[in-house]
Amino acid sequence: MSELDGKRAIVTGAGSGIGRATAELMAEQGARVAVVDLDADAAREVAEGIGAQAIAIATDVSKAADCDNAVATAAAEFGGLDVLVNNAGIIRRSTVCEITEEDWDLVMAVNIKSVMLMSRRAIPHLKAAGGGSIVNTGSGWGIQGGGQAVSYCASKGAVVNMTRAMAIDHGPDNIRVNCVCPGDTATPMLAEEARQLGEAPGAFYADAADRPLRRIGQPRDIASAIAYLAGDGAAFVSGAVLPVDGAGTA
Ligand code: NAP
């Protein structure tokens with residue numbers, strides 16, 4: 001029997017990068033997965049690659065009506081829910097003096113408001129199932145600061161402490177809430193950061209690999225930690241903030 005056999009899961013931002021690797025790994029481990037992403041084509045492609053265990057739901061996680069629809073659709077399709085992975089995220093590399101109000105609001109809406117919008121609809125389903133697991137994707141920059149990323153750092157710091165608050169509130173319903181904090185990981189987001197900073201991707205990636213384990217993360221490295229926290233092997237783990245970063249924040 002696989003670790004996630006029979007679990008019914010939603011993964012947001014699953015059209016790309018860490019979310020995609022997580023949806024694929026969770027399905028390999030026996031879960032049924034709703035692949036939720038802003039990019040409808042990407043979500044469909046990932047779900048088709050996984051096969052009959054997966055469905056695609058085009059969703060803007062910053063919009064309440066979209067989140068309501070995503071949770072309702074997944075719960076109806078699977079007959080309930082056991083796992084929610086709040087993973088969708090964006091970055092804007094700028095200081096507090098440079099960032100526009102629009103970009104600030106967008107980063108906050110996608111990275112932190114979405115956790116509220118998705119979780120408030122998923123939690124009643126997890127409770128009805130007798131408990132469940134929520135895993136939020138934070139960042140190393142949720143536990144320490146970083147340059148030219150003020151809105152991202154603010155949003156990920158909020159994800160980290162919202163994780164703890166939710167773990168306290170929903171523990172009595174046997175709902176575990178944890179957070180993974182990836183270090184630099186080889187996804188389109190990392191390439192987008194290099195582009196925003198006007199840096200060559202090669203040099204940017206080399207800098208990012210300057211950490212004790214001497215490499216950047218691969219999406220599967222982060223997916224493994226998320227799948228662990230989603231599964232029953234982590235039955236007494238809640239309110240945890242787990243760096244998955246090659247000791248980058250050690
Ligand atoms: P990614 O490859 O860019 O994937 C993010 C996915 O989220 C994309 O498919 C994106 O769709 C989707 N998305 C963006 N806005 C959305 C919205 N409003 N509603 C629904 N989906 C939306 O990035 P990633 O690196 O895998 O990032 C996943 C998570 O890991 C994020 O929370 C990120 O902050 C975190 N993280 C990443 C790193 C890293 O180095 N990669 C490090 C620490 C933390 P589009 O492509 O259409 O925009």
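In the predicted model, helix α4, spanning residues 101–128, supplies the largest share of the lining of the largest cavity, namely three residues. The full lining of this cavity consists of T12, V61, N86, N87, A88, S114, V115 and M118. Sorted by class, four of the lining residues are nonpolar and four are polar, while no charged residue takes part. The volume of the largest cavity is about 30 Å³, and the count of cavities of 30 Å³ or more comes to one.

Helix α4 also takes part in a salt bridge, in which the side chain of R121 meets that of D68 at an N to O distance of 2.8 Å. This pair joins distant parts of the chain, as R121 belongs to helix α4 and D68 to helix α3 (residues 64–78), with the two positions 53 residues apart in numbering. The model contains 15 salt bridges by the rule applied.

N87, listed above in the cavity lining, also appears in the surroundings of the ligand. The shell around the ligand comprises 29 residues, of which S16, D37, N87, Y152 and T187 come nearest. By class, this shell holds eleven nonpolar, 13 polar and five charged residues. Several polar contacts to ligand oxygen atoms were computed. A polar side-chain atom of T187 is placed 2.5 Å from a ligand oxygen. For K156, an N or O atom of the side chain is 2.8 Å from an oxygen atom of the ligand. At N87 the contact involves the backbone instead, with a polar backbone atom 2.8 Å from a ligand oxygen. Of the 880 Å² that the ligand exposes when taken alone, 88% is buried by the protein. Two or more residues of the shell are given by each of the elements α1 (17–28), α5 (150–170) and α6 (188–197). The largest share comes from α6, with three residues.

A further site is the second largest pocket, which encloses about 150 Å³ of space. Its lining is drawn from several stretches of the sequence: K7, the pair D82 and V83, the run G131, G132 and S133, then N174 and R176, and finally A230, G231, D232 and A235. Three of these lining residues are classed as nonpolar, five as polar and four as charged. Charged residues are thus present in the lining of the second largest pocket, whereas the lining of the largest cavity has none.

Definitions and conventions
Residues numbered from 1 in each chain as written. Predicted model: local features only at pLDDT ≥ 70, side-chain atom pairs only at ≥ 80, totals over all residues. Heavy atoms only, no water. 1 Å grid on protein atoms, 1.4 Å probe; cavity = no way out; pocket = protein on both sides within 12 Å on 5 of 7 lines; lining within 4 Å. Points joined across faces, edges and corners; volume = space filled by probe spheres on them. Nonpolar A, V, L, I, M, F, W, Y, C, P; charged D, E, K, R; others polar. Near = heavy atom within 4 Å. Polar contact = N/O pair within 3.5 Å; in protein donor to acceptor, adjacent residues only side chain to side chain. Areas by Shrake-Rupley, 256 points an atom, 1.4 Å probe, with all protein chains shown as cover. Helix = DSSP H or I, 4+ residues; strand = E, 2+ residues; numbered from the N terminus. Salt bridge = Lys/Arg side-chain N within 4 Å of Asp/Glu carboxyl O.
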